[in-house]
Amino acid sequence: MSGLRENGPKRTVTGTLVKVLLHSRTERGMSLEPFASRCVRAGEVHELVTTDQRDTAAGARIDRVGFLGFAEIAVAGVLDRGDEVFVGEHQVGTVLGFDACHFPNHYNVLIAAEHLLTGEKLDLRPELPVRFVPAGD
């Protein structure tokens, strides 16, 4: 293992945006899971959340968040910290980690971005493609 990422090639995980979210918060209180990767299955739905915070320590409190929406996974795979996240043609940021406050219903996939982004700010629409591209591809 190199740093906090698992070595080795992997496929791009793809999906579809199924619901757009429009809001942001500055006192959300999410808690970063101690895992740098999570497996996702085809058909699962997970929430996409941006943050301008960068702490990757287990249990780090993530307060500043912008909500993009929910994505249905079409091609199963592994999401790793550092994967690049695209929604439609927007490169949103990179996977920071995961919050499991709603699990097993869904994970909050935390995405490191320059600024808090929301579905409204990016003018997102249902049915846009979502991609988690391995870092460096």
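Is Phe103 buried, partly exposed or exposed? With a relative accessibility of 44%, Phe103 counts as partly exposed, because the buried class ends under 20% and the exposed class begins over 50%. Keep in mind as you look around that this is a predicted model.

## Rings and their partners

Let's stay with Phe103 for a moment. How many aromatic pairs does a search of the whole structure find? The search finds two. One of them joins Phe103 and Tyr107, whose ring centres are 4.5 Å apart with 25° between the planes. That pair counts as stacked because its planes are under 30 degrees apart. Tyr107, at 9% relative accessibility, counts as buried, whereas Phe103 counts as partly exposed. Phe98 belongs to the picture too: ring pairs link Phe98, Phe103 and Tyr107 into a cluster.

Rings can also have a charged group over them. The charged end of Arg38 sits over the ring of Phe35, at 3.9 Å from the ring centre. In a second example, Arg131 lies over the face of Phe86, and here the distance to the ring centre is 4.3 Å.

## Strands and the annotated span

What does the UniProt record say about residues 9-132? An unreviewed entry lists them as "domain: DUF6917". In the model, this span is 0% helix and 51% strand, and the C-alpha atoms at its two ends lie 13 Å apart.

How do some of these strands fit together? Strand E1 covers residues 13-20 and runs antiparallel to strand E12, residues 129-133, with four bridges joining them. Within this pairing, Thr14 has Arg131 as its bridge partner in E12. This is the Arg131 that lies over the face of Phe86. E1 also pairs with E7, again in the antiparallel sense, over six bridges. There, Gly15 has Ile73 as its partner in E7.

## Three residues to visit

Val109 is found in strand E11, which spans residues 108-112. Val109 counts as buried, as its relative accessibility is 1%. Setting aside neighbours within four places in sequence, Val109 is in contact with His46, Glu47, Leu48, Val49, Leu79, Val95, Gly97, Phe98 and Phe132. Phe98 is a member of the ring cluster described above. If you trace the chain from Val109 to Val40, the two are 69 residues apart, and their C-alpha atoms are separated by 11 Å.

Val78 makes a good second stop. Val78 sits in strand E8, residues 77-80, and is partly exposed with a relative accessible area of 31%. Its contacts, leaving aside neighbours within four places in sequence, are Lys10, Val13, Ser37, Arg38, Cys39 and Asp83. Among them is Arg38, whose charged end sits over the ring of Phe35. Val78 and Arg11 are 67 residues apart along the chain, yet the distance between their C-alpha atoms is 8.2 Å.

The third stop is Asp63, in the loop between strand E6 (61-62) and strand E7 (65-75). Is this loop residue buried or exposed? Asp63 is buried, with a relative accessible area of 14%, which is under the 20% cut-off. What does its side chain reach at 2.8 Å in Gly29? The answer is the backbone nitrogen of Gly29. The Asp63 side chain also makes a polar contact with the side chain of Arg61, at 2.8 Å. Not counting residues up to four places away in sequence, Asp63 touches Arg25, Thr26, Glu27, Arg28, Gly29 and Gln53.

## Unusual backbone angles

Most residues other than glycine have a negative phi, and most peptide bonds are trans. The table shows places in the model to compare with that pattern.

| Place | Backbone feature | Value |
|---|---|---|
| Phe103 to Pro104 | cis peptide bond | omega near 20° |
| Asp123 | positive phi | about 55° |
| Glu127 | positive phi | near 85° |

Where do these places lie? Pro104 is in the loop between strand E10 (90-99) and E11. The cis bond starts at Phe103, the residue stacked with Tyr107. Asp123 is in the loop between E11 and E12, and Glu127 is likewise in the loop between E11 and E12. Glu127 counts as exposed, because its relative accessibility is 63%.

Note on methods: Residues are numbered from 1 along each chain as its sequence is written. This is a predicted model: local features need pLDDT of at least 70, side-chain atom pairs count only at pLDDT 80 or more; totals for chains, interfaces and linings use all residues. Side-chain values use heavy atoms; hydrogens and water are left out. Rings of Phe, Tyr and Trp (its six-membered ring) pair if their centres lie within 6.5 Å; planes under 30 degrees apart count as stacked, over 60 as edge-to-face and the rest as tilted. Buried means under 20% relative accessible area, exposed over 50%, partly exposed in between (1.4 Å probe, protein chains only). A charge sits over a ring if NZ of Lys or CZ of Arg is within 6 Å of the ring centre and within 35 degrees of the ring normal. UniProt positions are given in the numbering used here, feature names are shortened, and annotations may be inferred rather than shown by experiment. Contact means heavy atoms within 4.5 Å. A polar contact is a pair of N or O atoms within 3.5 Å; within protein, one must be able to donate a hydrogen and the other to accept it, and residues adjacent in sequence count only if both atoms are side-chain atoms. Two strands pair if DSSP finds at least two bridges between them.
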